[in-house]
Amino acid sequence: MQVRLSFDSSAFAEEWPRVTDRCAAAFHVFQARDYLEEWSGTMGRARGAKLCFVRVADNEEPLMLIPLALERRRGVRIVCFPDGGVADYNAPVLFPRAAALRLADMSAIWRRISGALPPFDAALLEKLPGAVDGAPNPFRLLAQEAYEESAHAVELSGDWPSFVATRLHRPKDSRRKRRRLAELGSLRFLVAANADDRERLLEALIRQKTRRYLQTRGIDGFNRPGYRTYFHALTRRFGETGEVHISGLELNGEPIAVHWGLVTADRFYCLMLAHAEGVWAQYSPGRILVEDLIAWCYAQGLSVFDLGVGDAPWKQRLGETRTPLWRAHLAHSFAGKAYIEAARLKRALRAASRQIDREPPNLEGRRVA
């Protein structure tokens, strides 16, 4: 087994697929080479992360291409997949022979990778799918526990009319709300086809999402390091060629719901959805926009409408395929072990808090024990 590492984005360029490539390898858009270049220049730079490209081969035949990020968190040296909150699936690029790898093989490979990397304290490998396009993900073998959320997707079988008739949640209610909106003016579904529309809709999405962040979390999620720059940079690079897909539900020319996502091969990634609040909430503009997007995917001949990570009820109502995700936290020093334990305790406290919030109050207003 051969393991090679490089900090050069052009390393292994002949084998590492780009966003638009169709090849024998199985991968998600988040592992494509040109996507990683944009991540490195935005999220990675803001986080002080150094991107590392790893090639694993057997007798020079490639098994995996693994993107890793090296960064510091509270002084602890961390190895992780390039993410920071923008990647829904963390996995390697997988070649056919990787399907034969077993736990002993993967443990040996990880020891080789760990020994070749600069010194680090812990590897935090999260949001690991069990498979990528049907190919078993060897990193799942290293996982110790399930990730707290799953991913959901809609398989686009049949056609759009049959989907509406048999699978769409509350289609009559959606039609009623569309009619009510149309009574207020000109209602249209717009897919941004030029730079001006992409910029206008992206700024509307950021405004709407920021308002929602402040309402629900008390902080603006777009102020995270590199976050805003990431969306602008990917839109500029991939918007013209169609891999970045920005759309909106507009009433009288004003966006009341906006979506930002990615399209590769036969998969549509539904990644960032926002909608106007206040009086518009009663019309469910976000739900109507998602329905328009699924119809658009049918028209384009796509096969999967990927809702990504998160167990929000609206995703579960739409999603017919649930993908469990996994976590591997691997200590490499005493500091790393302490960091992993602190993270575990923090997750446990969050889970306990969510459980308390779900319990109904009794008649005296106290929580039911």
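Student: How many helices and strands does the secondary structure of the protein come to?
Tutor: The model is a predicted one. Its secondary structure comes to nine helices and 17 strands.

Student: What radius of gyration does the protein have, set against that of a compact globule?
Tutor: A compact globule of 369 residues would have a radius of gyration near 21 Å. The C-alpha trace spans about 65 × 60 × 40 Å along the principal axes. The value for the protein agrees with the globule rule, at 22 Å.

Student: What share of the contacts with a separation of 6 or more comes from residues 24 or more positions apart?
Tutor: Contact here means heavy atoms within 4.5 Å. Residues 24 or more positions apart account for a share of 72%.

Student: What does helix α5 reach from its first C-alpha to its last?
Tutor: Helix α5 covers residues 195-216, which makes 22 residues. At 1.5 Å a residue, 32 Å is expected. The helix comes close to that, reaching 31 Å.

Student: Which residue caps the N-terminal end of α5?
Tutor: The cap is made by a side-chain oxygen that lies 3.2 Å from the backbone nitrogen of D196. At the other end, α5 is followed by G218, with a positive phi near 80°. The residue that caps the N-terminal end is N194.

Student: Which elements do the buried residues of α5 pack against?
Tutor: The buried residues of α5 include L201, L202, L205, I206 and Y213. Polar and charged side chains are also on the list, among them D197, R198, Q208 and K209. The buried residues pack against β11, α6, β12, β13 and β14.

Student: In the largest nonpolar core, which residues touch the most other members?
Tutor: This core has 56 residues, and the members touching the most others are Y35, W39, Y230 and W260. α5 gives the most to this core, with six residues. Y230 touches Y35, W39, T42, M43, V86 and W260, leaving aside residues up to four places away in sequence. The residues asked for are therefore Y35, W39, Y230 and W260.

Student: Why are the buried residues of α4 on the same side of the helix?
Tutor: In α4, the buried residues are D173, S174, K177 and L181. They are on the same side of α4 because they cover an arc of only 100° around the axis. On the other side, K172 and R179 are exposed. The value that places the buried residues together is the arc of 100°.

Student: Which elements do the buried residues of α4 pack against?
Tutor: Helix α4 covers residues 171-182, and its end C-alpha atoms are 16 Å apart. Its buried residues pack against β11, β12, β13 and α7.

Key:
Residues are numbered from 1 along each chain as its sequence is written. This is a predicted model: local features need pLDDT of at least 70, side-chain atom pairs count only at pLDDT 80 or more; totals for chains, interfaces and linings use all residues. Side-chain values use heavy atoms; hydrogens and water are left out. Helices (H or I, at least four residues) and strands (E, at least two) are DSSP runs, numbered from the N terminus. The expected span of a helix is 1.5 Å times one less than its number of residues. Buried means under 20% relative accessible area, exposed over 50%, partly exposed in between (1.4 Å probe, protein chains only). A polar contact is a pair of N or O atoms within 3.5 Å; within protein, one must be able to donate a hydrogen and the other to accept it, and residues adjacent in sequence count only if both atoms are side-chain atoms. A nonpolar core is a set of buried Ala, Val, Leu, Ile, Met, Phe, Trp, Tyr and Cys residues joined through side-chain atoms within 4.5 Å. The arc is that of the directions from the helix axis to the C-beta atoms. The radius of gyration is taken over C-alpha atoms; the globule rule is 2.2 Å times the number of residues to the power 0.38.
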